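Reader: I would like a close look at a single part of this structure, taken slowly. Please choose one pocket and work outward from there.

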Amino acid sequence: MNLVFLGPPGAGKGTIAAIAKDAFAIPHISTGDIFRANIKNETELGKLVKEIMASGNLVPDEVTIKMVEGRLGEEDAKKGYILDGFPRTIPQADALSRMSNVDKVINFVLPKEEILKRLSGRRVCKSTGRTYHIIYNPPKVEGIDDETGEPLIQRDDDKEEAILNRLEVYEKSTAPLIEYYKAKGLLVDLDCSGKPEDILEDLKKILL
């Protein structure tokens, strides 16, 4: 089963992907993780991405596409995958259609006020990228990462003004993708206002 998760920041794509990967026995592949793995392993693409990000520029489509293609070619992705954070543009979607058949595109739907509540409460471990939430998924010790013991941070882009800006950017950039997949008959909306376990059950009903 080859799945793409689309949805605004804070809609819960990562949270649902983390439990769905076990339920469906397929890997959760996020572009952020792919970038980090390539940078850590000092691959040629990783070195390039590190340089681009250090200069404050966006990683070009062709570099992201190459990294995703490499990841989809790995053994664990041969039975299926959950793609999170890719594609973000129509050229990326076209490239994905050339490298793999997508079975369903799940569009995570959540009201703006709920997104604000979720994101402003998010806390992150800087070294691992592991995320928590002060209400929904708190660490065992307040303000401390469960595994590394490091202090958690609130990212600048999780502050309200930045969140509203990110949502506006997301809506503009993703609207064409939603139409693209709708036209192909692959898009299904998923209400993400409930508990993760309930959302997973709704997802299973859509897919199984």
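Author: What follows starts with the second largest pocket and then moves to the parts around the chain that help to place it. The model is a predicted one.

The second largest pocket holds about 200 Å³ of space. Which residues line the second largest pocket? They are His 28, Ile 29, Ser 30, Asp 33, Ile 34, Ala 37, Asn 38, Met 67, Gly 70, Arg 71 and Glu 74. Sorted by class, the lining has 4 nonpolar, 4 polar and 3 charged residues. Three elements, strand 2 (28-30), helix 2 and helix 4, each give at least two residues to the lining. Helix 2 gives the largest share, with 4 residues.

Helix 2 is a good place to go next. Thr 31 is found in this helix. Is Thr 31 buried or exposed? Its relative accessible area is 8%, and the cut-off for buried is under 20%, so Thr 31 counts as buried. Setting aside residues up to four places away in sequence, Thr 31 touches Thr 64, Val 68, Asp 84, Gly 85, Phe 86 and Arg 88.

Phe 86, one of those contacts of Thr 31, has a feature of its own. A cis peptide bond joins Phe 86 to Pro 87, with omega at about 0 degrees. Pro 87 sits in the loop between strand 3 and helix 5.

Two other loops border the elements already named. The loop between helix 1 (13-24) and strand 2 contains Ala 25. Ala 25 is not a glycine, yet its phi is positive, at about 55 degrees. With a relative accessible area of 61%, Ala 25 is exposed. On the other side of helix 2, the loop between helix 2 and helix 3 contains Glu 42. Glu 42 also has a positive phi, near 55 degrees, in a residue other than glycine. Glu 42 is exposed as well, with a relative accessible area of 56%.

Helix 2 and helix 4 bring us to the interior. The largest nonpolar core has 29 residues, and those with the most contacts inside it are Leu 6, Leu 83, Leu 96, Val 105 and Tyr 181. Helix 2 (31-40) and helix 4 (61-72) each supply at least two residues of this core, as do strand 1 (2-6), helix 3 (44-54), strand 3 (81-84), helix 5 (90-99) and helix 7 (160-183). Helix 2 and helix 4 thus appear both in this core and in the lining of the pocket. Within the core, what does Val 105 touch? Not counting residues up to four places away in sequence, Val 105 touches Val 4, Leu 6, Tyr 181, Leu 186, Leu 187 and Val 188. Another core, of 23 residues, lies apart from this one, and among its members are Ala 17, Ile 106, Leu 110 and Leu 200.

Next to Leu 200 in sequence is Ile 199, which lies in helix 8 (residues 196-207). Ile 199 is buried, at 4% relative accessibility. Its contacts, leaving aside neighbours within four places in sequence, are Ile 16, Leu 190, Asp 191, Cys 192 and Gly 194. Ile 199 and Phe 108 are 91 residues apart in sequence, and their C-alpha atoms are 9.9 Å apart in space.

Charged side chains complete the picture. Side chains of opposite charge can pair when their charged atoms come close. A search of the whole structure finds 18 salt bridges. One of them joins Arg 118 and Glu 114, whose closest N and O atoms are 3.6 Å apart. These two residues are 4 residues apart in helix 6 (residues 112-120), so about one helical turn separates them. Both Arg 118 and Glu 114 are buried.

Other salt bridges involve residues with more varied surroundings. Asp 22 and Lys 21 meet at 3.7 Å, N to O; Asp 22 is exposed, at 57% relative accessible area, and Lys 21 is partly exposed, at 31%. Asp 156 and Lys 159 meet at 3.3 Å, N to O. Asp 156 is exposed at 58% relative accessibility, whereas Lys 159 is partly exposed at 40%. There is also a network of salt bridges that links Arg 122, Arg 155, Asp 158 and Arg 166.

Technical notes: Residues numbered from 1 in each chain as written. Predicted model: local features only at pLDDT ≥ 70, side-chain atom pairs only at ≥ 80, totals over all residues. Heavy atoms only, no water. Core = buried A, V, L, I, M, F, W, Y, C linked by side-chain atoms within 4.5 Å. Buried < 20%, exposed > 50% of the residue type's maximum accessible area, 1.4 Å probe, protein only. Contact = heavy atoms within 4.5 Å. 1 Å grid on protein atoms, 1.4 Å probe; cavity = no way out; pocket = protein on both sides within 12 Å on 5 of 7 lines; lining within 4 Å. Points joined across faces, edges and corners; volume = space filled by probe spheres on them. Nonpolar A, V, L, I, M, F, W, Y, C, P; charged D, E, K, R; others polar. Salt bridge = Lys/Arg side-chain N within 4 Å of Asp/Glu carboxyl O.
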